[in-house]
Amino acid sequence: MGESKPPSRDQLWAWYRQMFLIRRFEELAAKAYTQRKIMGFCHLYIGQEAVAVGATAALNPADTIVGAYRIHGQILARGATPRSCMAELFGRQGGICGGIGGSMHMASKELNFYGGYGIVGGHVPLAVGAAFASKYREDGSLALCYFGDGAAQQGAVFEAMALAQLWKLPCIFLLENNFYAMGTSLERQSYLTELQKRADGVGMNHWQMSGFDVAEVYENVQKAAEHARSGQGPVLLEAITYRYRGHSMSDPAKYRKAGELEEKKKQDCLSLVEQRLTSEFGASEADFKGLHDEIEQIVQDAYDFADAAPVPDPSRLYDFNLVDG
Ligand SMILES: Cc1ncc(C[n+]2csc(CCOP(=O)(O)OP(=O)(O)O)c2C)c(N)n1
Ligand SMILES: [Mg+2]
């Protein structure tokens, strides 16, 4: 594996822009939720932005990405438009799944992004299926699967990893360890808290990285991708991360230890890149303000678009049923 170069100014700005877009998109979604523009479940990605942005940047468009339900940031990082994502949240036409899926269901064939699974851990075997397809077709693509620390406790995940390793499938298991599964902290759900070591049980390569540092995520996913594509088999990559908000919009997150959130925010992914852009590349306050203003307009436009869009035609209600009638 070659030594990776430090990111350029343009690369850092592009990542910062995407992470800031996701942050503001999610904050506006939270507001829309309190305004009852968005109903039902809504799981925000705030705090974890560097994982999706760094990981996606290290992949090719032909690679498959599979996600669970904390998915808005992951599909935005893949290039979905803020309009299509916000309209999906609002349950409107123009949504990325026609407004029929909602927060937990955002998928796009064009983006090779198959997401939106509410069954914790249930999506991981599907990613292994996609990785099998990559190997079968010999097209050089791979599959990356995001899943959480809670999902890591599911039997299906272990089985999926075992098969992927046995068949040396081109798959990256990207475990986003944010230390909570709903209100249950990691040490209350798992004896083993260094979750990457789960891969030892199937003989799979594994390592850990900071999920706060977008450049570190990029570099590590690149290494994992190189490994997976070369036929050496899958990798379990554990990203240490944290979600700032509750599990979903209905969770006030009272289970955190006092001061924990403030401590984690010291490694905020946006602040880290701001510091780097400033110290290494002389970025000014005006530079940041210009970008922030631009993103503000983009997310407000997404909100306005979603708010003005019609609800899906009721005649489509049964379109996606397995059984007619
Ligand atoms: C099979 C199954 N069990 C339980 C639930 C309820 N549930 C929804 S999300 C969640 C926590 C999952 O946590 P994690 O995998 O760490 O993901 P995070 O929410 O932190 O992104 C649970 C237990 C579910 N949806 N599916
Ligand atoms: Mg979790």
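**Exercise 1. Find the loop that holds Ala253, then decide whether Ala253 is buried, partly exposed or exposed.**

*Solution.* Start with the location: Ala253 sits in the loop between β8 (235–240) and α9 (260–265). Keep in mind that this is a predicted model. Next, look at the neighbours: 14 other C-beta atoms lie within 10 Å of Ala253. A residue is buried at 20 or more such atoms and exposed at 12 or fewer. Ala253 is therefore partly exposed. Finally, check the backbone: the phi of Ala253 is near 60 degrees, a positive value in a residue other than glycine. Most residues other than glycine have a negative phi.

**Exercise 2. Work out where Phe179 lies and which class of exposure it has.**

*Solution.* First, place the residue: Phe179 belongs to the loop between β4 (171–177) and β5 (180–181). Then use the neighbour count: Phe179 has 19 C-beta neighbours inside 10 Å. Being buried takes 20 or more, so Phe179 counts as partly exposed. As a last step, turn to phi: Phe179 is not a glycine, yet its phi is positive, at about 70 degrees.

**Exercise 3. Decide whether α5 and α6 run roughly parallel or antiparallel, and list the residues that meet.**

*Solution.* Begin with the geometry: the axes of α5 (residues 124–137) and α6 (residues 155–166) come within 8 Å and cross at roughly 15 degrees. Angles under 35 degrees count as roughly parallel, so α5 is roughly parallel to α6. The crossing of α5 past α6 is left-handed. Now list the partners: from α5 come Val124, Pro125, Val128 and Ala131, and they meet Ala156, Val157, Ala160, Leu163 and Ala164 of α6. Sorted by class, this contact has nine nonpolar residues, no polar ones and no charged ones.

**Exercise 4. Do the same for α1 and α10: find their relative direction and the make-up of their contact.**

*Solution.* Take the angle: α1 (residues 9–34) and α10 pack at about 150 degrees, and their axes are 10 Å apart. Angles over 145 degrees count as roughly antiparallel, so that is how α1 runs relative to α10. The crossing is left-handed. On the α1 side, the contact uses Arg9, Leu12, Trp13, Trp15, Tyr16, Met19, Phe20 and Arg23, while α10 supplies Cys269, Leu270, Val273, Arg276, Leu277 and Phe281. Their classes come to eleven nonpolar, no polar and three charged residues.

**Exercise 5. Stay with α10 and describe the surroundings of Thr278.**

*Solution.* Thr278 is part of helix α10 (residues 269–281). It has 14 other C-beta atoms within 10 Å, so Thr278 is partly exposed. For a distance, try Phe288: Thr278 and Phe288 are ten residues apart in sequence, and their C-alpha atoms are 9.8 Å apart.

**Exercise 6. Identify the helix of Arg229 and the residues that Arg229 touches.**

*Solution.* Arg229 is found in helix α8 (residues 214–229). With 16 other C-beta atoms within 10 Å, Arg229 is partly exposed. Leaving out residues up to four places away in sequence, Arg229 touches Gly140, Leu142 and Pro170. Lys168 is 61 residues from Arg229 along the chain, with 9.8 Å between the C-alpha atoms of the two.

**Exercise 7. Describe the shell around ligand 1: which residues come nearest, and which classes are present?**

*Solution.* There are 13 residues around ligand 1, and Val120, Gly148, Gly150, Ala151 and Ala181 come nearest. The shell consists of six nonpolar, five polar and two charged residues.

Terms used:
Residues numbered from 1 in each chain as written. Chains lettered and ligands numbered in written order. Predicted model: local features only at pLDDT ≥ 70, side-chain atom pairs only at ≥ 80, totals over all residues. Axes fitted to C-alpha atoms, helices over the stretch in contact; angles between N-to-C directions. Helix = DSSP H or I, 4+ residues; strand = E, 2+ residues; numbered from the N terminus. Parallel < 35°, antiparallel > 145°, perpendicular 65-115°, else oblique. Left-handed = near helix turned anticlockwise from the far one by under 90°. Contact = placed C-beta atoms within 7 Å. Nonpolar A, V, L, I, M, F, W, Y, C, P; charged D, E, K, R; others polar. Near = placed C-beta within 6 Å.
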